[in-house]
Amino acid sequence: MKICNKCHIAKSYAKFSVNNDAKDHYHYFCKECTRSYTRDYYQKNKDKIIKSNREWQQRNFKYMQEYQKIYREKHKEYFTQYQKIYRKKSNNRIRYKSILK
Ligand SMILES: [Zn+2]
């Protein structure tokens, strides 16, 4: 059991995220408090976060393009399978719609 630094409720370690910088290797706040803190922080700083994310994407556009290319290449099998399943599903949906008409 560990006491959360925010809500001050004792909870099992499973309710805390892992944090290797902490003495006991668990986060100071429970998962629930971390989630609500993150949500609040995002709401308060929404514009700043969106702006900085956009700037990061623009700065790292080439890197991300390259990364995605490598990622797709590495997981080629998965994407091929995914596309096959997706195509099958959407074909069925189109067929189903045409039957309905
Ligand atoms: Zn808490």
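## An open second helix

Let's start with helix H2, residues 61–74. None of its 14 residues is buried, so H2 lies largely in the open. Keep in mind that this is a predicted model.

How far apart should the ends of H2 be? At 1.5 Å a residue, its 14 residues should span 20 Å, and the end C-alpha atoms are indeed 20 Å apart, so expectation and model agree.

## The overall picture

Stepping back, the protein has three helices and four strands. Reading from the N terminus, the order is β-β-β-β-α-α-α, so to speak a run of strands followed by a run of helices.

What is the radius of gyration of the protein? It comes to 22 Å, whereas a compact globule of 101 residues would have a value near 13 Å. Laid along the principal axes, the C-alpha atoms fill a box of roughly 60 × 40 × 30 Å.

Burial is scarce too: 3% of the 101 residues count as buried. As for contacts, take those between residues at least 6 apart in sequence; 17% of them join residues at least 24 apart.

## Helix H1 and its bend

Helix H1 covers residues 31–59, and its length doesn't add up the way a straight helix would. With 29 residues at 1.5 Å each step, a straight helix would reach 42 Å, but the end C-alpha atoms of H1 are only 32 Å apart. Where does H1 bend? The spot is Asn 45, and the angle there is about 85°.

H1 is also hardly covered, with one buried residue among its 29.

## Two residues of H1, one reference point

Lys 31 and Gln 57 both make handy markers. Lys 31 lies in helix H1, and Gln 57 has its place in H1 as well. Phe 16 serves as the reference for each of them.

What does Lys 31 touch, leaving aside residues up to four places away in sequence? The answer is Lys 15, Phe 16 and Ser 17. Lys 31 and Phe 16 are 15 residues apart in sequence, and their C-alpha atoms are 5.2 Å apart in space. Lys 31 has 14 C-beta neighbours inside 10 Å, so it counts as partly exposed; the cut-offs here are 12 or fewer for exposed and 20 or more for buried.

Now for Gln 57. Gln 57 and Phe 16 are 41 residues apart in sequence, with 31 Å between their C-alpha atoms. Is Gln 57 buried or exposed? It has 11 C-beta neighbours inside 10 Å and therefore counts as exposed.

## Two histidines with positive phi

Most residues other than glycine have a negative phi. Against that background, two histidines in loops are worth a look. His 8 has a positive phi of about 60° although it is not a glycine, and His 25 likewise has a positive value, near 65°.

Where do they lie? His 8 is in the loop between strand E1 (2–3) and strand E2 (10–11). His 25 is in the loop between strand E3 (16–18) and strand E4 (26–30). With 8 C-beta neighbours inside 10 Å, His 8 counts as exposed. His 25 is exposed too, because 11 other C-beta atoms lie within 10 Å.

Note on methods: Residues numbered from 1 in each chain as written. Predicted model: local features only at pLDDT ≥ 70, side-chain atom pairs only at ≥ 80, totals over all residues. Expected span 1.5 Å × (residues − 1). Rg over C-alpha atoms; globule rule 2.2 N^0.38 Å. Contact = placed C-beta atoms within 7 Å. Bend = angle between axes of the 7 residues up to and from the residue.
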